[in-house]
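Biologist: I would like a close look at a single part of this protein. Please take me through the empty space inside, and then show me what lies around it.

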Amino acid sequence: MTVPIGLLSAVTFLPAAGALLLALLPRRRPAVHRAAGLLIALATLAVSVPLWTRFEGDSADFQFAEVYRWMPTLGVSFHVGIDGISLLLVLLTTLLTPIALASAWHAIEDRTKEFVITMLLLETGMLGVFVSLDLFLFFVFWEAMLIPMYLIIGVWGGANRIYAAVKFVLYTMVGSALMLVAILALYYQHGAATGAYTFDLPTLARWVLPPGLGQNLMFLGFALAFAIKVPLFPFHTWLPDAHVEAPTAGPVILAGVLLKMGTYGFLRFCLPLFPDASYLFAPAVFTLAVIGIVYGAWVSTVQPDLKKLVAYSSVSHLGFVMLGVFTLNQQGLVGGVIQMINHGLSTGALFLMVGMIYERRHTRLIADFGGLWKVIPAFSALFLVVVLSSLGLPGLNGFVGEFLVLVGAFQVSPRLAALATTGIIFAAVYLLWMYQRVVFGEITHEENRRLVDLSPREWALLAPVLVFIVWIGVYPTAFTGKTEATIAALLAQVESKASVALEK
């Protein structure tokens with residue numbers, strides 16, 4: 001479906017256009033910068049709503065597509081579009097960005113103008129990654145998104161912010177360099193075989209790349225970049241530092257959206273472009289995902305810091321997503337996609353609430369809390385809902401994705417699936433134990449007696465996330481129905497390309 005009004009371009013570039021306008025405002029009015037940035041992010045959310053309402057869930061084609069000539073002599077075009085996978089991630093991005101900006105209302109007091117501009121530029125970069133259907137365009141957005149996140153960690157982060165920011169950039173750049181080599185190899189190999197040099201993803205996805213060493217190396221080039229971004233065990237060591245040092249808005253966006261770029265990359269590029277290599281390396285990725293699930297849960301259990309606990313829980317939860325993707329069956333893949341959204345909502349809300357309590361007490365140590373239910377009951381009640389969502393309680397969003405992933409995983413390897421299931425048990429251990437120590441018991445620190453409960457702004461931040469947590473848990477078909485046709489078509493494409501390659 002081609003839309004002449006350029007709806008996807010409007011959604012993608014509206015935050016960047018707003019950032020340019022903000023750059024013209026005088027620096028001495030931080031309240032104006034905050035309000036203007038929030039209005040721009042909310043406007044982007046409003047403009048993105050028609051993507052949901054007008055999306056045809058029973059179609060596997062790319063919708064709202066736009067194609068413009070950019071560098072035709074090199075085979076580069078501005079080609080954007082969304083399907084059932086990218087639709088949900090685009091809407092997750094437009095939902096979480098205004099929430100992240102509003103969460104920093106009082107937390108960011110230095111260089112407010114620059115912070116708001118950086119967040120809006122980051123939103124454009126993230127949206128561009130999810131809508132790009134040209135490999136060159138995708139790589140531009142992938143790299144451009146790196147700079148704002150580096151600044152958010154390095155400028156507005158904690159005591160070790162420079163170390164965390166540099167580590168984040170170095171890890172990502174190593175993967176990006178190898179992915180660029182793989183993109184160029186694919187470009188030249190397609191051109192040599194067909195005579196048409198192009199970076200267009202749908203065109204490359206229809207072409208059957210010969211199986212063998214070349215395809216395997218190209219798969220690994222893409223896969224390493226995406227595995228670092230997920231992060232898949234053992235490429236996860238940059239994540240806790242980035243989460244802990246960044247201001248609250250950083251982890252909300254980092255956990256909510258940026259990590260999904262890795263899992264999205266496997267779905268969008270690795271599976272359709274390199275089907276034989278995907279089947280070849282699936283057992284290895286499957287095993288690493290299970291290790292990540294268990295390892296992330298175990299390490300979370302011993303964390304004394306609330307933010308580090310939530311950070312390591314992301315390693316475990318994203319392991320479920322990778323497990324679902326490489327089941328290479330309908331249930332696992334649909335579960336993996338929904339779990340991406342669930343993780344963004346649940347873990348994003350956890351980081352929000354950790355940030356709220358940190359603003360009140362200026363400490364994140366679990367041992368410094370206790371007895372909060374008596375003092376701030378509204379915060380404690382909503383914190384319980386988010387914790388139960390994260391551990392996968394039936395009736396809330398986390399259960400749906402994990403259940404579908406495990407159903408798909410049991411069809412592939414019952415033993416590894418059973419081992420992955422223990423990750424849910426360990427999640428209940430570290431999350432409920434953390435909650436019990438923070439919220440229940442006696443008040444042992446006098447500072448906790450003077451805490452103030454949720455403000456209207458904080459209610460407004462949490463309310464939309466809680467609505468989706470319950471909505472997905474009670475009626476998941478509204479979301480799975482948008483992606484099932486796309487997943488079925490993707491699986492059919494992967495299987496047919498692999499069989500054609502084998503026949504050759």
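Modeller: The second largest cavity holds about 50 Å³ of space. This is a predicted model, so every value here is computed from it.

Start with the residues around that space. The second largest cavity is lined by His317, Gln339, Asn342, His343, Ser346, Thr347, Ser389, Ser390, Gly398 and Glu402. What classes do the residues of this lining divide into? Nine are polar, one is charged and none is nonpolar. Three helices each supply at least two of the lining residues: α14, α16 (377-391) and α17 (397-412). The largest share comes from α14, with five residues.

So keep your eye on helix α14, which covers residues 330-361. Just ahead of α14 is a loop that links α13 (306-325) to it, and Leu328 sits in that loop. Leu328 has a phi near 55°, which is positive although the residue is not glycine. Most residues other than glycine have a negative phi.

Now look at a partner of α14. Helix α3 spans residues 84-103. The axes of α3 and α14 come within 10 Å and cross at roughly 5°. Angles under 35 degrees count as roughly parallel. Therefore α3 and α14 are roughly parallel to each other. Which residues meet here? From α3 come Ile85, Leu88, Leu89, Leu92, Leu95, Leu96, Ile99 and Ser103. From α14 come Val337, Ile338, Met340, Ile341, Gly344, Leu345, Leu352 and Glu359. The residues of this contact divide into 13 nonpolar, two polar and one charged. Set that beside the second largest cavity, whose lining has no nonpolar residues.

Helix α14 turns up again at the largest pocket. That pocket contains about 510 Å³ of space. Its lining has 23 residues, and Ala107, Trp156, Gly157, Pro247 and Tyr358 lie nearest its centre. The elements that give two or more residues to this lining are α6 (146-156), α10 (238-245) and α14. Which element gives the most? It is α14, with five residues. By class, the lining of the largest pocket has 12 nonpolar, five polar and six charged residues.

Helix α10 leads to another detail. The loop between α9 (213-229) and α10 holds Pro231. Pro234 is found in that loop too, between α9 and α10. The peptide bond from Val230 to Pro231 is cis, with omega near -5°. The bond from Phe233 to Pro234 is also cis, and its omega is near 5°. Most peptide bonds are trans.

Next comes the second largest pocket. Its volume is about 380 Å³. It is lined by 16 residues, and those closest to its centre are Ala60, Phe62, Asp83, Ala205 and Gln493. Helices α8 (201-206), α11 (249-273) and α20 (477-503) each supply at least two residues of this lining. The residues of the lining divide into 10 nonpolar, two polar and four charged.

Back to enclosed space. How many cavities of 30 Å³ or more are there? The count comes to five. The largest cavity holds about 70 Å³. Around it are Arg34, Leu101, Ala104, Trp105, Ile108, Thr112, Phe115 and Val116. Helix α4 (residues 112-131) gives the largest share of that lining, three residues. Six of the lining residues are nonpolar, one is polar and one is charged. Compare the second largest cavity, where the lining has nine polar residues and one charged residue.

Finally, step back to the whole. The protein has 20 helices and two strands. Its C-alpha trace spans about 75 × 60 × 40 Å along the principal axes. Why does the overall size agree with a compact globule? With 504 residues, such a globule would have a radius of gyration near 23 Å, and the protein has 22 Å, which agrees.

One helix ties much of this picture together. Helix α14 gives five residues to the lining of the second largest cavity. Five residues of α14 also go to the lining of the largest pocket. And α14 runs roughly parallel to α3.

Terms used. Residues are numbered from 1 along each chain as its sequence is written. This is a predicted model: local features need pLDDT of at least 70, side-chain atom pairs count only at pLDDT 80 or more; totals for chains, interfaces and linings use all residues. Side-chain values use heavy atoms; hydrogens and water are left out. Axes are lines fitted to C-alpha atoms, for helices over the stretch in contact, and angles run from 0 to 180 degrees between N-to-C directions. Helices (H or I, at least four residues) and strands (E, at least two) are DSSP runs, numbered from the N terminus. Angles under 35 degrees count as roughly parallel, over 145 as roughly antiparallel, 65 to 115 as roughly perpendicular and the rest as oblique. Contact means heavy atoms within 4.5 Å. Ala, Val, Leu, Ile, Met, Phe, Trp, Tyr, Cys and Pro count as nonpolar, Asp, Glu, Lys and Arg as charged, and the others, Gly among them, as polar. On a 1 Å grid over the protein atoms alone, a cavity is a set of points where a 1.4 Å probe fits but cannot get out, and a pocket is an open set with protein on both sides within 12 Å along at least five of seven lines; lining residues have an atom within 4 Å of a point. Grid points are joined across faces, edges and corners, and a volume is the space filled by probe spheres set on the points. The radius of gyration is taken over C-alpha atoms; the globule rule is 2.2 Å times the number of residues to the power 0.38.
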